[in-house]
Amino acid sequence: MARALIHVPASAKKGDVIEIKTLISHVMETGYRIGITGQPIPRDIIDDFVCTYNGEEVFHATLYPAIAANPYITFFTVATESGTLAFSWTDQHGATQVQTAAITVE
Amino acid sequence: MSRALLRVAGLLMRAPSPQRGEGWGEGARASRSEPPHPTLSPLGRGSSTCRLRIAICVSALLVGVVVARAADIPLDQRRSDSDFISADTRAMQNDDTANPAMLVVLDGETLWNTKAGATNKSCADCHGDAANSMKGVAARYPAFAAELGRPVDLEQQINLSRITDQKAEALAFESKELLALTAYIARQSRGMPVAVKDDAVSKPFIDAGRALFEQRQGQLELSCAQCHDDNWGKKLAGNPVPQAMANGYPIYRLEWQEVGSLQRRLRNCLSGMRAEPYDFGSPELVDLEYFLMWRARGLAMESPAVRP
């Protein structure tokens, strides 16, 4: 599906606040624009983003048409245990893309 | 009133010089800026005379200002366009996990390794690892292509290679594929100084680009130089006017919300000047690109840059 770039520190100390950065390629077409033929360009957006940390939800965002193309979402969480962070983006048609990143917590 | 006059004059006037006196309206405008002769004035005495004196002073000042500014930007005063953008946008450009053009660079990497054309070869089959073979290449384009007898930009060089080496079809200008390959190749030159050739073969094309840069065009009768040589650092519609250094292309432009080429940017400026933009791939645009890269010689490559 779409291309995504994720930045998660490879390792962290237990209790550290870590910064996570995510970027995904998507047109985020608002539905308010008119194409060269005069017809409105249909809306096409990602409307949901979730990050889970070993299965537990740590961040959740709802996206609207005002979000620019290629949404860049960055947030913080606390490093609690080694494991996997899973990121999932769902578009308005219900198609979901999941990507994961591993973290080692000492 | 004098401030308004200054602003108008700053946009419209330019000292008639042999290099830049291209526009048909230039002579008329230049003569209008000469101080009016007091005896010819229809104005009366008293305060009108005073106003007239002020007008004479302002005009004299303008002529001086305009003459002093009609020149290239001195080499040591040149600054990348990223110096004129906000700190946030600059941070976005310099962080590979935040720069949205990196998504396109990744697409380019995939294309680099994808077989294409009748020969069924990928770029990598001949050029190997782009990190080595393409290092510094984008900093040397546009460059003279002997087989065409004129310079080509990086996009056109990619297409030349596709046609002659891969026996594949040329990619359309501004297509996702061509932008991705260009961005991927240009990325390998990040931090390297712009170093286009300016030998005897290339010089006429750089000069042609310069002539276009300095020529008044369109309904607004503006030249590129009037903004980017003479008024950089000031504001236009609230935004700083940069020096138009071409060391970051292809760029991710926030206004476009996608990656675009230098030719797209030039066409953008031309329509802003209400001039008819040259077609993609036209010799005029390539000459302009060549001049702009020559003008940015020595500046570090930032491709793919992020611009507002």
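In this predicted model, helix α9(B) receives helix α8(B) through a defined set of residues: B:L154, B:E155 and B:I158 in α8(B) meet B:L178, B:L181, B:T182, B:I185 and B:A186 in α9(B). By class, this contact has 6 nonpolar, 1 polar and 1 charged residues. Helix α8(B) covers residues 154-164, and helix α9(B) covers residues 176-187. Their axes lie 10 Å apart and pack at an angle of about 110°. Angles of 65 to 115 degrees count as roughly perpendicular, and α8(B) and α9(B) are therefore roughly perpendicular to each other.

A second helix pair sits further along chain B. Here α12(B), residues 262-272, meets α13(B), residues 283-295. The two axes come within 10 Å and cross at roughly 105°. The pair α12(B) and α13(B) is therefore roughly perpendicular too. From α12(B), the contact uses B:L262, B:Q263 and B:L266. From α13(B), it uses B:L285, B:L288 and B:E289. These residues divide into 4 nonpolar, 1 polar and 1 charged.

Now take chain B as a whole. It has 13 helices and 7 strands. Of its 308 residues, 34% are buried. Consider its contacts between residues at least 6 apart in sequence: 73% of them join residues at least 24 apart.

What of the nonpolar interior? The largest nonpolar core has 63 residues. The residues with the most contacts inside this core are B:A101, B:V104, B:A183, B:Y290 and B:M293. B:Y290 is worth following outward. Leaving aside residues up to four places away in sequence, B:Y290 touches B:P142, B:P151, B:V196, B:F205, B:I206 and B:G209. Another core, of 7 residues, lies apart from the largest one. Among its members are A:V8, A:C51, A:A79 and A:F87.

Those residues lead into chain A. Its secondary structure comes to 0 helices and 8 strands. Along the sequence the pattern reads β-β-β-β-β-β-β-β. The C-alpha trace of chain A spans about 60 × 20 × 20 Å along its principal axes. Of its 106 residues, 18% count as buried. Among contacts in chain A with a separation of 6 or more, 57% come from residues 24 or more positions apart.

How are the strands arranged? Strands of a sheet pair through backbone hydrogen bonds, either parallel or antiparallel. One open sheet of chain A has 5 strands, in the order β2-β8-β7-β4-β5, with mixed pairing. Its edge strands are β2 (11-12) and β5 (56-62), and each pairs on one side only.

Start at the β2 edge. Strand β2(A) runs parallel to β8(A), residues 96-105, and 2 bridges join them. A:S11 has A:T104 as its bridge partner in β8(A). A:A12 stands opposite A:V105 in β8(A).

Step across β8(A) to the next strand. Strand β7(A), residues 83-91, pairs with β8(A) in the antiparallel sense over 8 bridges. In this pairing A:W89 stands opposite A:Q97. The two strands form a hairpin with 4 residues between them. In the turn, A:G94 has a positive phi of about 95°.

Other pairings in chain A involve β1, β3 and β6. Strands β1(A) and β3(A) pair in the antiparallel sense over 4 bridges. A:H7 stands opposite A:K21 in β3(A). Strand β3(A) is also joined to β6(A), residues 72-78, by 7 bridges. These two strands run antiparallel. There, A:L23 stands opposite A:Y72 in β6(A).

Which elements of chain A face chain B? First, the contact itself: 10 residues of chain A are in contact with 9 residues of chain B. On the chain A side, the elements that give two or more residues are β1 (4-7) and β3 (17-24). By class, that side has 5 nonpolar, 3 polar and 2 charged residues. So the two strands come up twice: β1(A) and β3(A) pair with each other, and both give residues to the side that touches chain B.

Conventions:
Residues are numbered from 1 along each chain as its sequence is written. Chains are lettered from A and ligands numbered from 1 in the order in which they are written. This is a predicted model: local features need pLDDT of at least 70, side-chain atom pairs count only at pLDDT 80 or more; totals for chains, interfaces and linings use all residues. Two residues are in contact if their C-beta atoms, placed from the backbone, lie within 7 Å. Ala, Val, Leu, Ile, Met, Phe, Trp, Tyr, Cys and Pro count as nonpolar, Asp, Glu, Lys and Arg as charged, and the others, Gly among them, as polar. A nonpolar core is a set of buried Ala, Val, Leu, Ile, Met, Phe, Trp, Tyr and Cys residues joined through C-beta atoms within 7 Å. A residue is buried if 20 or more other C-beta atoms lie within 10 Å of its own, exposed if 12 or fewer, and partly exposed in between; C-beta atoms are placed from the backbone. Two strands pair if DSSP finds at least two bridges between them. Axes are lines fitted to C-alpha atoms, for helices over the stretch in contact, and angles run from 0 to 180 degrees between N-to-C directions. Angles under 35 degrees count as roughly parallel, over 145 as roughly antiparallel, 65 to 115 as roughly perpendicular and the rest as oblique.
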